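Thanks for coming, everyone. Please have the sequence and the model open in front of you while I talk through the fold.

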Amino acid sequence: MKDAAVVDKKHHELSPSQFDIWAECPCYESSPVVGTAAAEGTRQHGYMEQVLAGEESDKYDDMSAGDKANVEWFCDLVRMHCPATAKIETEQKVVATDGFDILYSGTADAITGPIIYDYKSDREWRSHYYQMAAYAYALMTMRGLKEVRAIVGYGRMRKLSDYTFKREDAERATKMIIAARKDPDRKPRVCDYCAWCHRRNECEAHFEMNAAAVMQSDSGMVLNRADCIAAMNDPMAMGRVLNVISKVESWCEMMRKRAKEMAIEGNVPSGYMLKEQQNKKLTDPVGVYSRLSMIITPQEFNAALHIKVTELREAIARKEKVSAASAKRMLDELCGDLYSVETVAMLRKQKQNGENDHA
Ligand code: SF4
């Protein structure tokens, strides 16, 4: 029999899975579109539930052996920590109330007595302290517990985060995030999650960060005409030009995007006009090649497609929510044998003291 509070199945606007992100920026909004990584994570959670229940089915036969092994590692972990007298409860809805209203609700992957477990299919370690504090606090209020342990298992990395919460600590951490999120005057803070934020293109903080880079006139970032002319032959002047270009590039892209949105909304920027053009995209490159293979070579066809490794990396980073370095590693592992490698000269900015190279 489930706890009384457990029966509420409605999705609450405050979900603990967002708490660690709101600790960084209380204005973050997740995208309503479910990405590939999230969909895979959901399936792995389904498999986890099946394994922990000791059931068998063909529902997950198409899951990769690697993903299954990651989930099974986590299930072993749960069984190992499960107190002798406790049973394993999976996918348990936990709800925190203030006595009258629901503060938030979420779903704990597994609970055994006073221990909560959460499986992460992430490719990178991130702190989930506030999410676990919220689960722990909800479980304490539901079951009258004074202390709850929360174990996060990162299957892909075979790593654990292990937290023990006293009630006052869990309550303080949880209520701090709720207050920040509910604050009508909350302000966005640029953080590591901006890249996935649904508000990114209209966020004032994100915009200001880019605009600030353009405005650094008093630190010598703005060029004068002499600099621009001298740069053609003078390495010092060219260095200054490159510094300014690197600062304004992303800002320029953002302004172009906003200008187009304004024009579509009916506010066409002065001196511009809105025109429509039709772009054709190949929906079936393999089919197209089979019809053209008598005319052009595979190399010519590949060149015409203009598939860039950097764009594939960016697509992977976006979809999997991983860093550029991780996306590069993934692509190399999956497709490294399909590349040809060409050595080209590149100009890169010298590192400052203490700066790390994340490329
Ligand atoms: S884009 Fe803005 S609202 Fe979104 S996480 Fe970044 S700072 Fe916060």
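**The sheet and its helices**

The centre of this talk is an open sheet of 5 strands in the order β1-β2-β3-β4-β5, with mixed pairing, where strands pair if DSSP finds at least two bridges between them. Helices (H or I, at least four residues) and strands (E, at least two) are DSSP runs, numbered from the N terminus. This is a predicted model, in which local features need pLDDT of at least 70 and side-chain atom pairs count only at pLDDT 80 or more, while totals for chains, interfaces and linings use all residues. Residues are numbered from 1 along each chain as its sequence is written.

At the edges stand β1 (89–97) and β5 (159–166), and because each has a single partner strand, one side of each is left without a neighbour in the sheet. β1 runs antiparallel to β2 (residues 102–112), to which 8 bridges join it, and Ala96 stands opposite Tyr104 in β2.

Which strands does α3 lie across? They are β2, β3 (115–120) and β4 (147–154), and α3 runs at about 170° to β3, with angles taken from 0 to 180 degrees between N-to-C directions of axes fitted to C-alpha atoms, for helices over the stretch in contact.

Trp73 lies in this helix, α3 (residues 65–81), and is in contact with Gly155 and Arg158, leaving aside its neighbours within four places in sequence; contact means C-beta atoms, placed from the backbone, within 7 Å. Trp73 and Gly153, 80 residues apart in sequence, are 8.8 Å apart in space, C-alpha to C-alpha.

Definitions and conventions:
Contact = placed C-beta atoms within 7 Å.
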